[in-house]
Amino acid sequence: MADFKEMQDALIAGNAAKVKELAESAVAEGVSAVDILNQGLIPGMAVIGERFKKNEVYVPEVLIAARAMKTGLAVVKPLLAESNVEPIGKVVIGTVKGDLHDIGKNLVAMMLEGAGFEVIDAGVDVPPEKFSSLAKETNAKLIGLSALLTTTMPAMKDTLDRLEADGLRDEVKVMIGGAPVTQKYADEIGADGYAPDASSAVDLAKDLLGIA
Ligand code: B1M
């Protein structure tokens, strides 16, 4: 029988090989993708998120756990597609134009995936028009913008302006983050929210989309 506690513990410890093995044997036993996600992988990542928020673990542990989470997700992803499980929400995320930093953005993307969101990762150095066209194509109602340089923060405002010009601003919420970004800056440029770290970004994404 699938041992979800063992799966959570392996994920929290960042043991990707063990997570893969446990997820694969759960699949072989006929456990559903939803149960593997909701009872094994997501609660494990939630523990890491809470510990990260309280400074009980740091970026390296989170990245290692996130990699283990990704390994588990890769095992269940094909089953999820088959069982038509609806994601809780869709997010387009990327690092803004001119900015190549992606470690924080990737962490936010992984935590969102871990919380059940479908994440469309636009990558780095993403121009405003690309965010806008991706939101339109995918019908995502949330865009996440990451910037690590003070010189690239204005590209966040440019992206909001682009969404406005494309008539999407009322339909799409925009959350922003990255080391130099602040709540004050989010208020100044009219973003819908700011998150200081990856687990707060998950809470904010749920808030903005009205997900309990
Ligand atoms: Co760069 N770099 N870098 N760099 N780099 C910084 C950002 C810098 C602060 C270093 C310094 O001088 N002390 C400085 C910026 C100064 C400033 O603008 N005020 C800087 C500079 C100047 C540069 C270059 C210009 C250097 C040069 O070439 N002269 C250059 C720019 C390249 C470019 O982007 N065009 C450059 C290049 C690079 C590398 C390529 C070498 C590498 C990036 C590798 C990569 O990302 N693949 C790099 C790195 C690694 C850093 C530091 C050391 C670490 C950044 C990082 O990954 N942190 C950084 C110094 C620092 O931050 N202490 C620095 C770990 C990561 C988990 O944290 O990204 O903050 P962070 O993400 C957090 C939160 O911010 C938040 O959640 C994450 C997890 O908690 N968050 C969000 C992030 N995005 C979010 C989005 C959200 C919500 C929350 O919603 C959507």
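The following is a conversation about a predicted model and the terms used to describe it.

Colleague: What makes H101 a donor to the cobalt atom of the ligand?

Modeller: The NE2 atom of H101 lies 2.2 Å from the cobalt, and a nitrogen counts as a donor within 2.8 Å of the metal. Therefore H101 qualifies, and it is the single donor from the protein.

Colleague: Where is H101 found?

Modeller: H101 sits in the loop between β1 (89–96) and α5 (103–114).

Colleague: How do you know that β2 and β5 are edge strands?

Modeller: The open sheet has five strands in the order β2-β1-β3-β4-β5, with parallel pairing. Strands β2 (117–126) and β5 (193–194) each pair on one side only.

Colleague: What makes β1 and β3 a pair?

Modeller: Two strands pair if there are at least two bridges between them. Between β1 and β3 (residues 142–146) there are five bridges, in the parallel sense, so the two strands count as paired. Across from V92 stands I143 in β3.

Colleague: Which strands does α5 touch?

Modeller: Helix α5 packs on the sheet and touches β1, β2, β3 and β4 (173–177). The direction of α5 makes about 170° with that of β2. Angles over 145 degrees count as roughly antiparallel, so α5 is roughly antiparallel to β2.

Colleague: What is the angle between α6 and β1?

Modeller: Helix α6 lies across β1, β2 and β3, and runs at about 170° to β1. By the cut-off of 145 degrees, α6 is therefore roughly antiparallel to β1.

Colleague: Why is α6 called oblique to α7?

Modeller: The axes of α6 (residues 128–138) and α7 (residues 154–165) cross at roughly 45° and come within 8 Å. Roughly parallel needs an angle under 35 degrees, and roughly perpendicular needs 65 to 115. The crossing of α6 and α7 fits neither class, so α6 is oblique to α7. The crossing of these two helices is right-handed.

Colleague: Which residues of α6 and α7 meet?

Modeller: From α6 they are P128, E129, F131 and S132, and from α7 they are D158, T159, R162 and L163. By class, this contact has three nonpolar, two polar and three charged residues.

Colleague: Why is α5 called oblique to α9?

Modeller: Helices α5 and α9 (residues 198–209) pack at an angle of about 50°, with their axes 8 Å apart. This angle lies between the limits of 35 and 65 degrees, which makes α5 oblique to α9. The crossing of α5 and α9 is right-handed.

Colleague: What classes of residue make up the contact of α5 with α9?

Modeller: Residues L107, V108, M111 and L112 in α5 meet A198, S199, A201, V202 and A205 in α9. Eight of these residues are nonpolar, one is polar and none is charged. Ala, Val, Leu and Met are among the types that count as nonpolar, whereas Ser counts as polar.

Colleague: Where are N55 and N139, and what is phi for each?

Modeller: N55 is in the loop between α3 (33–53) and α4 (59–83), and its phi is near 60°. N139 is in the loop between α6 and β3, and its phi is also near 60°. For each, this is a positive value in a residue other than glycine.

Colleague: Which residues is I12 in contact with, leaving aside its neighbours within four places in sequence?

Modeller: I12, in α1 (residues 4–12), is in contact with G44, V47, I48, R51 and A65. The C-alpha atoms of I12 and V108 are separated by 17 Å.

Terms used: Residues are numbered from 1 along each chain as its sequence is written. This is a predicted model: local features need pLDDT of at least 70, side-chain atom pairs count only at pLDDT 80 or more; totals for chains, interfaces and linings use all residues. Side-chain values use heavy atoms; hydrogens and water are left out. Donors are N, O and S atoms within 2.8 Å of the metal (3.2 Å for Na, K and Ca); water is not among the atoms, so sites may look incomplete. Helices (H or I, at least four residues) and strands (E, at least two) are DSSP runs, numbered from the N terminus. Axes are lines fitted to C-alpha atoms, for helices over the stretch in contact, and angles run from 0 to 180 degrees between N-to-C directions. A crossing is left-handed if the near helix is turned anticlockwise from the far one by less than a right angle, and right-handed if clockwise. Contact means heavy atoms within 4.5 Å.
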